[in-house]
Amino acid sequence: MSHILVAEGVSKSFGNHVALSNISLEIPKNCIYGLLGPNGAGKTTLIRIINQISFPDTGKVFFDGELLAPHHIATIGYLPEERGLYKSMKVGEQVLYLAQLKGLSKTEAKKRLKYWFERFEIGDWWNKKIQELSKGMAQKIQFIVTVLHEPKLLIFDEPFSGFDPINANKIKDEILALKEKGTSIIFSTHRMESVEELCEYITLIHESEKLLDGKLSDIKKAYKNNVFDIGLQTEENAESILKSLNGSFQITHSNYNLKENQFDFSVQLPSKDTSNILSKLSTLGNINHFKETVPSANDIFIETVKSKGQ
Amino acid sequence: MSKLKLIIKREYLAKVRNKSFVIMTFLSPILMVGMIVLIAFLTEVNDSEKRVIAVLNESEYFSNEFNSTESISYVKYRDLNLEKAMDSTLSMSYYGLLYIPNENSLEKIAKQASFYTQDNAVGYVTERIERVFENRLRRDRLQRLGVSPEEFATIEKDFDLHTSTFKGEENIKGLNMMKAFVGGAFGYLIMMFIIIYGGFVMRSVIEEKTSRIIEVIISSVKPFQLMLGKIIGTSLAGLTQFAIWIFSASLLLVVALLLLDIDLDVMASNHALTSNPMMSMPTPQESEMEFWAKEFFNLPLLLLVISFAVYFVLGYLIYSSIYAAIGAAVDNETDTQQFIFPIILPLMLAIYVGFFSVFNNPHGPIAVGFSLFPLTSPIVMLMRLPGGIGEGGVPLWQLVTSILLLIITFLAIVWLAAKIYRVGILMYGKKPTYRELFKWLKY
């Protein structure tokens, strides 16, 4: 079995509000899977169904080849977007309590907590109350609680919110390390930079429907639109170059640096074939760069959501 | 199951370790006693005011009827006219002036007599004066029918009805008062517990919601487990507090008995003797204190403590699951008001019904009805129970029925509350209406 989680035609509505309509997903094992979508798209509802907090009206969810059942909870770790801890409880007691709720024994939980507290260099927090900690500190505790029981599937909902850049990086490294160890990870966010960095697969949900899903690199390939960035070292007048090119190619924007005789521009080609423009360019000067532009996840996100809206 | 145990443990410790719990446990009995002493003191001060009443008596009657008592003293005016007497009363700042004119018959005198005061006369003063007139008039009328003053005195003798149960047990009036007092105290205690500890449950749910820990926990445990664990943990904390109170109260009682030099063995033997109807009135040697103490030990104390625990737990479970559902439905405490009032209503009703109806007639239809109805039975039944179970007390079938009804209601209410709770804990930012809560039941 190569999928950690498979959803088949999952729908859920609350009263008249449809939260998910006929969502099907296949999340491969040992990868980071981006669950993307604007606010209110239905991501949290889907995650809650995976966590068995709520249940689908129709459709089925399979976890590691089996129909999702209560005992799977112990092998799933969930870091919710809206998260908190008991304010007046001590850190140590609290993490032990939450770990035991996930099914760890007290001694095992203590052993693992020691490892994580040393790893994050927060050993001296054990007897502090949560209300004495900063938001970022509390987030670290929550991250530890999420991963402590070594789940097969980890679900992170906006994991970097509340972290400064340094600690966000640290958490990112930890997520990658967990993936290396064989954990499958669902990563829900609307921050596209982190998607580019982390996710191999994505799915995009908008207004309760799945708009697209698949390998991020494949999606990007599909969204390429033959736009090239070109840099040309030339003695010639920019306007005359533009004129000579505009006849056969569509130039989207350009910039001429007089001092260095550098002419940069983007061009939209009618097809993947580049031989035509290259031969033309070589007559005009020296090409110092020629690069196909790949759409960012952000572009794909915005474009897909927009086109859906029309 | 072990998850439920973990939750109960956490909730219990969170409550018991709380500073306010410790303070409340040890301070509130002191406050309570202090309050009783204060009320007794204030009542004393209030009653000790002595009122002076001037009497202008122009008639030949009532020459020695108005005698000063603890609370009223009479000053007799002679040879003054009414106007001067009034001036004098005012200038001496007496409480009032009683004017009795001179007429040719007592009936006429009584009709013309009047009592002047600065503002409305206090009830007991006019009552006292009226009683003097009534007495005098009655004697006069009877005399005219041929009854001599001596005969009148025998007619007027007070009568005390001798009361007893069929078993021959003396039904001393003091015992009824003691029953009412103890029953009332237990009923009141239950109401306070439900309101206070139900409030704890509600605040604890709101805290989990606002701190968003609920989102973290809810992926590991079922909402129902969490709600039940919270309710049970808090109720155990409540029982702990109650146990501490019972323990320290009995300790205090023993100390008091030792200090007052009351022998428990003697009391026990007295207790045995009360079944003999001839021996039951307090003998002059017994102090009043001993008498009350004896009456106290005559109550079915063990039954009371056990049934308090049973009714407290069941009543509390019902009410606190409602409180938990309310906590889950709202975002902050200020939004809870509209939902709390309907919960407190049956509790208040139970207390009032108890005080006004159950004490007078512990086994009448109203008392029976309210002690079976599950939302009021924890309080009302406890007010009836000092009379014991079985003959002369609460029939056993009523006790059993009321407990069974409580259990059924508990299951139904918990089921409903859990549904609201399950939806509510993950809803933010909306102040729900009753209609929405009803919709949540169907999710």
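Visitor: What makes strand β7 (residues 153–157) and strand β8 (residues 184–189) of chain A a pair?

Guide: Bridges do. This is a predicted model, and in it the two strands are joined in the parallel sense over five bridges. Two strands pair if there are at least two bridges between them, so five is enough to call β7 and β8 of chain A paired. Along that pairing, A:Ile155 stands opposite A:Ile186 in β8(A).

Visitor: Which sheet do they sit in, and what is the strand order?

Guide: An open one of six strands in chain A, ordered β6-β7-β8-β3-β9-β10, with mixed pairing.

Visitor: Why are β6 and β10 of chain A called edge strands?

Guide: Look at their partners: β6 (76–79) and β10 (209–215) each pair on one side only. From one strand to the next, the twist averages 15 degrees.

Visitor: What lies across β6 and β7 of chain A?

Guide: Helix α4 (residues 135–147) of chain A, which runs at about 165 degrees to β6(A). Angles between N-to-C directions go from 0 to 180 degrees, so about 165 degrees puts α4 of chain A close to opposite in direction to β6(A). Helix α7 (residues 216–223) of chain A also packs on the sheet, touching β9 (201–206) and β10 of chain A, and its direction makes about 105 degrees with that of β10(A).

Visitor: Which residues touch the most other members of the largest nonpolar core?

Guide: A:Ile155, from that β7 pairing, and B:Ala324, in a core of 129 residues. Helix α12 (residues 301–329) of chain B gives the largest share of this core, 15 residues.

Visitor: How do you know what B:Ala324 touches?

Guide: Contact here takes C-beta atoms within 7 Å. Leaving out residues up to four places away in sequence, the list for B:Ala324 includes B:Val201, B:Met202, B:Ile231 and B:Tyr421. Apart from this core lies another, of ten residues, among them B:Leu56, B:Phe66, B:Leu98 and B:Ile100.

Visitor: Why is strand β1 (residues 51–57) of chain B said to be largely enclosed?

Guide: A residue is buried if 20 or more other C-beta atoms lie within 10 Å of its own. Five of the seven residues of β1(B) are buried, so the rest of the structure largely encloses this strand.

Visitor: Which strands pair with β1(B)?

Guide: Strand β2 (residues 72–77) of chain B pairs with β1(B) in the parallel sense over six bridges, with B:Arg51 opposite B:Ile72. Strand β3 (residues 96–100) of chain B also runs parallel to β1(B), joined by five bridges, and there B:Val55 stands opposite B:Leu98.

Methods
Residues are numbered from 1 along each chain as its sequence is written. Chains are lettered from A and ligands numbered from 1 in the order in which they are written. This is a predicted model: local features need pLDDT of at least 70, side-chain atom pairs count only at pLDDT 80 or more; totals for chains, interfaces and linings use all residues. Helices (H or I, at least four residues) and strands (E, at least two) are DSSP runs, numbered from the N terminus. Two residues are in contact if their C-beta atoms, placed from the backbone, lie within 7 Å. A nonpolar core is a set of buried Ala, Val, Leu, Ile, Met, Phe, Trp, Tyr and Cys residues joined through C-beta atoms within 7 Å. A residue is buried if 20 or more other C-beta atoms lie within 10 Å of its own, exposed if 12 or fewer, and partly exposed in between; C-beta atoms are placed from the backbone.
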